[in-house]
Amino acid sequence: MNSINTTLGSFIRNSREKQDLSLRELAKKIDCSAAFLSDVELNRRFPTDGMLIRIAEALKIPISKLKENDTRPPVEDIRKKSQLDPNYAFMLRKLNDSGITPNEFLNLIEQSEKKKKKKK
């Protein structure tokens with residue numbers, strides 16, 4: 001998991017700086033403008049999945065590391081699922097109202113997955 005206060009943009013910037021790459025050098029490697037990459041590093045804009053893959057390859061880091069630090073909520077996916085299934089929307093409202101922490105929720109999911117595996 002990502003460390004507290006590490007955003008996708010700051011993770012990319014830190015990774016780039018560790019490799020002594022300038023913003024322009026990385027932008028050239030991933031075929032984008034330095035202005036766009038600067039906006040990504042400042043969390044003003046967010047890269048597509050294709051751009052994330054190019055960034056990961058250019059920085060020689062696993063794409064999973066970038067995704068771990070991508071804290072954007074999957075708003076579009078949630079909206080679509082909620083529109084297609086009222087139970088999904090109800091579940092999200094109940095989760096929001098419950099006051100459960102993210103770690104508590106993840107632990108519940110993990111326990112549920114373990115129970116399912118044991119039944120198989």
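Start with helix H3: its buried residues pack against H1, H2 and H4. The model is predicted, so all that follows is read from predicted coordinates.

**Stop 1: helix H3**

Select Ala 34, Phe 36, Leu 37, Asp 39, Val 40 and Glu 41, the buried residues of H3. Because six of the eight residues of H3 are buried, the helix is largely enclosed by the rest of the structure.

Add H1 to the selection. The axes of H1 and H3 come within 7 Å and cross at roughly 120 degrees. On the H1 side of the contact are Gly 9, Ser 10, Ile 12, Arg 13 and Arg 16, and on the H3 side Leu 37, Val 40 and Glu 41. By type, the residues of this contact are three nonpolar, two polar and three charged.

**Stop 2: the loops on either side of H3**

Select Asp 31, in the loop between H2 and H3. Asp 31 has a positive phi of about 60 degrees although it is not a glycine. Most residues other than glycine have a negative phi. Is Asp 31 buried or exposed? Its relative accessible area is 64%, so Asp 31 is exposed.

Now go to Asn 43, just after H3, in the loop between H3 and H4. Asn 43 is likewise not a glycine, and its phi is positive, at about 60 degrees. With a relative accessibility of 28%, Asn 43 counts as partly exposed.

Arg 45 is also found in the loop between H3 and H4. Its relative accessible area is 40%, which means Arg 45 is partly exposed. Leaving aside residues up to four places away in sequence, Arg 45 touches Phe 36, Asp 39 and Val 40. For a distance check, pick the C-alpha atoms of Arg 45 and Asp 70: they are 12 Å apart in space, with the two positions 25 residues apart in sequence numbering.

**Stop 3: helix H4**

Select residues 49–59, helix H4, and colour Met 51, Leu 52, Ile 55, Ala 56, Ala 58 and Leu 59, which are buried. Why do they lie on the same side of H4? They cover an arc of only 165 degrees around the axis. Turn to the face directed away from this buried side, and the exposed residues Asp 49 and Glu 57 come into view.

What covers the buried residues of H4? The cover includes helix H1 (8–18), helix H2 (23–29), helix H3 (34–41) and helix H5 (63–68). Just past the end of H4, Lys 60 takes a positive phi of about 55 degrees.

**Stop 4: the largest nonpolar core**

The largest nonpolar core has 19 residues. To display the residues with the most contacts inside it, select Ile 12, Leu 26, Ile 30, Cys 32, Leu 37, Ile 55 and Leu 66. H1, H2, H3 and H4 each supply at least two residues of this core. Which helix gives the largest share? That is H4, with six residues.

Two of these residues merit a separate selection. Ile 55 touches Ile 12, Ile 30, Pro 47 and Leu 66, with residues up to four places away in sequence not counted. Leu 66 lies in helix H5. Its relative accessible area is 0%, so Leu 66 is buried. On the same count, leaving out residues up to four places away, Leu 66 touches Leu 8, Phe 11, Ile 12, Leu 52, Ile 55, Ala 56 and Ile 61. Leu 66 and Arg 44 are 22 residues apart in sequence and 16 Å apart, C-alpha to C-alpha.

**Stop 5: Ser 15**

Return to helix H1 and select Ser 15. With a relative accessible area of 9%, Ser 15 is buried. Its contacts, not counting residues up to four places away in sequence, are Leu 59 and Ile 61.

**Stop 6: helices H6 and H7**

Finish with helix H6 (residues 75–84) and helix H7 (residues 86–98), whose axes are 5 Å apart and at an angle of about 120 degrees. That angle makes H6 oblique to H7.

Show the side chains of the contact: Ile 78, Lys 81, Ser 82 and Leu 84 in H6 meet Pro 86, Tyr 88, Ala 89 and Leu 92 in H7. How many of the residues in this contact are nonpolar? Six are nonpolar, one is polar and one is charged.

Note on methods. Residues are numbered from 1 along each chain as its sequence is written. This is a predicted model: local features need pLDDT of at least 70, side-chain atom pairs count only at pLDDT 80 or more; totals for chains, interfaces and linings use all residues. Side-chain values use heavy atoms; hydrogens and water are left out. Buried means under 20% relative accessible area, exposed over 50%, partly exposed in between (1.4 Å probe, protein chains only). Helices (H or I, at least four residues) and strands (E, at least two) are DSSP runs, numbered from the N terminus. The arc is that of the directions from the helix axis to the C-beta atoms. Contact means heavy atoms within 4.5 Å. Axes are lines fitted to C-alpha atoms, for helices over the stretch in contact, and angles run from 0 to 180 degrees between N-to-C directions. Ala, Val, Leu, Ile, Met, Phe, Trp, Tyr, Cys and Pro count as nonpolar, Asp, Glu, Lys and Arg as charged, and the others, Gly among them, as polar. Angles under 35 degrees count as roughly parallel, over 145 as roughly antiparallel, 65 to 115 as roughly perpendicular and the rest as oblique. A nonpolar core is a set of buried Ala, Val, Leu, Ile, Met, Phe, Trp, Tyr and Cys residues joined through side-chain atoms within 4.5 Å.
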